[in-house]
Amino acid sequence: MGALLMSKKERDRKALMEMVRQKKLSLKKASIQCELSYRQTLRIYQKYEALGDAGLIHKSRGRQSNRRHPHQDKIIARYLSRYEGFGPTLASEYLAEDGFQIDHETLRRLLLKHGLWQRHRKRSPYRQRRERKAQFGELLQIDGSIHDWMGTGKHSCLLNLVDDATGKTWSQLAEGETTRIVFQVLWHWISTYGVPLAIYVDLKNVYVSPKADSFSHFEVACQKLGIRVIKARSPQAKGRVERNHAVYQDRFVKDLALKGIKKITTANAVLNKGFIANLNKKFEKPARNPHSAHLVVKGLDLNQILCWEHTRKLQHDWTFSFKNKLY
């Protein structure tokens with residue numbers, strides 16, 4: 001018979017059972033030292049008498065746990081070959097698409113066991129978060145995230161529009177944070193949901209004019225639509241969209257890398273054909289007030305609103321110049 005592996009508790013019980021066998025200790029006193037009932041101690045002693053040391057060892061010792069995932073080895077192999085570096089939650093979603101159903105918490109423990117993931121310490125919040133708005137469309141937050149989205153070494157801008165009440169998002173990728181991409185994203189939002197009441201922006205020129213007596217094209221368009229433009233003086237003021245950037249930089253970057261996408265147009269197709277919908281399905285929260293605050297304006301011609309307007313002086317011969325051309 002091979003060597004038996006015993007825990008410290010089992011070794012201590014062996015010493016007590018041996019003393020009971022040699023009549024150096026009563027079974028009642030042994031039960032007190034084992035912190036067990038007399039009847040339970042008697043059953044342990046009877047097993048020790050019949051089987052020796054093997055009677056003290058737990059029957060499941062050396063056996064595979066019933067709670068062990070049946071495809072554990074295949075899951076680890078798939079993770080290493082395709083999803084290494086992914087967090088447990090995101091990796092479990094992709095593994096489910098591959099046919100490996102595993103809970104994200106089970107995967108987290110599995111990755112920790114194999115040294116493929118590290119625990120992340122939760123920090124206490126530096127500032128108390130502002131309470132979400134009550135209605136969908138009461139306040140939107142807009143911002144661009146400049147990042148190497150496609151792993152090409154070239155940075156591009158993901159313009160992100162987030163509803164404050166629900167966290168619902170819409171985004172598009174462009175070469176830079178320009179008026180054109182801002183208008184495109186806002187156009188889609190208004191066409192889909194209606195005109196929001198207010199938009200939180202930072203102090204970039206694309207949103208607000210640096211001159212006190214003038215307005216940016218974005219501000220002019222918002223004035224026509226009746227949208228209040230709120231200027232954020234710090235990143236923390238529009239923390240909702242800033243935190244949403246981190247979600248995109250984790251999930252969207254990995255998704256583009258898995259699909260080998262290197263072009264902005266193709267990346268936007270990924271966003272439009274399911275990625276944003278899945279993101280909203282996972283992270284969107286219900287508003288406290290179920291009624292939307294968006295204004296639905298019939299007959300609204302966004303071509304005449306989300307556009308560039310320039311002021312020119314009419315000459316005496318009924319002409320004006322624009323970009324070095326005479327009209």
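# Why the labels fit

Tutor: Gln236 lies in the loop between β5 (228-231) and α9. The model is predicted.

Student: Why is Gln236 called partly exposed?

Tutor: Its relative accessible area is 48%. Buried means under 20% and exposed means over 50%. The value of 48% falls in between, so Gln236 is partly exposed.

Student: How far is Gln236 from Arg130, in sequence and in space?

Tutor: They are 106 residues apart in sequence, and their C-alpha atoms are 9.8 Å apart.

Student: What class does Gly260 get, and what makes it so?

Tutor: Gly260 sits in the loop between α9 and α10. Its relative accessibility is 49%, which is under the 50% that exposed residues must pass and not under the 20% for buried ones, so Gly260 counts as partly exposed. Just after α9, Gly260 takes a positive phi of about 65 degrees. Gly260 and Gly151 are 109 residues apart in sequence, with 9.5 Å between their C-alpha atoms.

Student: How do you know that the length of α9 agrees with its number of residues?

Tutor: Helix α9 covers residues 239-259, which makes 21 residues. At 1.5 Å a residue they should span 30 Å, and the end C-alpha atoms are 30 Å apart, so the two values agree.

Student: Where is the kink in α9 centred?

Tutor: The kink is centred on Tyr248 and comes to about 25 degrees. Tyr248 is also one of the buried residues of α9, among them Val241, His245, Phe252 and Leu256.

Student: What covers the buried residues of α9?

Tutor: The cover includes α5 (88-97), β1 (140-147), β2 (156-163), β3 (169-174) and α10 (264-283).

Student: What about α7: how does its reach compare with the expected value?

Tutor: Helix α7 (residues 179-193) has 15 residues and reaches 21 Å from its first C-alpha to its last. The expected value at 1.5 Å a residue is 21 Å, and the reach is close to that. Just after α7, Gly194 takes a positive phi of about 115 degrees.

Student: Why is Thr179 put in the class it has, buried or exposed?

Tutor: Thr179 has 17% relative accessibility; the limit for buried is under 20%, so Thr179 counts as buried. Its place is in helix α7. Apart from neighbours within four places in sequence, Thr179 is in contact with Val206, His217 and Trp308.

Student: Which other residues of α7 are buried, and what covers them?

Tutor: Ile181, Val182, Phe183, Val185, Leu186, Trp189 and Ile190 are buried as well. The cover of the buried residues in α7 includes β1, β2, β3, β4 (198-201) and α8 (217-225).

Student: Now the helix pairs. Why are α1 and α2 described as they are, parallel or antiparallel?

Tutor: Their axes cross at roughly 170 degrees and come within 10 Å, where α1 is residues 8-21 and α2 is residues 27-34. An angle over 145 degrees counts as roughly antiparallel, so α1 and α2 are roughly antiparallel to each other. Arg13, Leu16, Met17 and Val20 of α1 make the contact with Leu27, Ala30, Gln33 and Cys34 of α2. By class, that contact has six nonpolar, one polar and one charged residues.

Student: What is the relation of α1 to α3, and how do you know?

Tutor: Helix α3 (residues 38-51) packs against α1 at an angle of about 80 degrees, with the axes 10 Å apart. The range from 65 to 115 degrees is called roughly perpendicular, and therefore α1 and α3 are roughly perpendicular to each other. On the α1 side the contact residues are Arg13, Lys14, Met17, Glu18, Val20 and Arg21; they meet Thr41, Ile44, Tyr45, Tyr48 and Glu49 in α3. This contact divides into five nonpolar, one polar and five charged residues.

Student: What makes Glu18 partly exposed?

Tutor: Glu18, found in helix α1, has a relative accessible area of 22%; that is not under 20% and not over 50%, so Glu18 is partly exposed. Glu18 and Asp164 are 146 residues apart in sequence and 70 Å apart in space, C-alpha to C-alpha.

Student: Why are α4 and α5 called roughly perpendicular?

Tutor: The axes of α4 (residues 72-83) and α5 come within 11 Å and cross at roughly 105 degrees. That angle is inside 65 to 115, so the two helices are roughly perpendicular to each other. Ile75, Arg78, Tyr79 and Tyr83 in α4 meet Ala91, Tyr94 and Leu95 in α5. By class, the contact of α4 with α5 has six nonpolar, no polar and one charged residues.

Note on methods
Residues are numbered from 1 along each chain as its sequence is written. This is a predicted model: local features need pLDDT of at least 70, side-chain atom pairs count only at pLDDT 80 or more; totals for chains, interfaces and linings use all residues. Side-chain values use heavy atoms; hydrogens and water are left out. Axes are lines fitted to C-alpha atoms, for helices over the stretch in contact, and angles run from 0 to 180 degrees between N-to-C directions. Helices (H or I, at least four residues) and strands (E, at least two) are DSSP runs, numbered from the N terminus. Angles under 35 degrees count as roughly parallel, over 145 as roughly antiparallel, 65 to 115 as roughly perpendicular and the rest as oblique. Contact means heavy atoms within 4.5 Å. Ala, Val, Leu, Ile, Met, Phe, Trp, Tyr, Cys and Pro count as nonpolar, Asp, Glu, Lys and Arg as charged, and the others, Gly among them, as polar. The expected span of a helix is 1.5 Å times one less than its number of residues. The bend at a residue is the angle between axes fitted to the seven residues ending there and the seven starting there. Buried means under 20% relative accessible area, exposed over 50%, partly exposed in between (1.4 Å probe, protein chains only).
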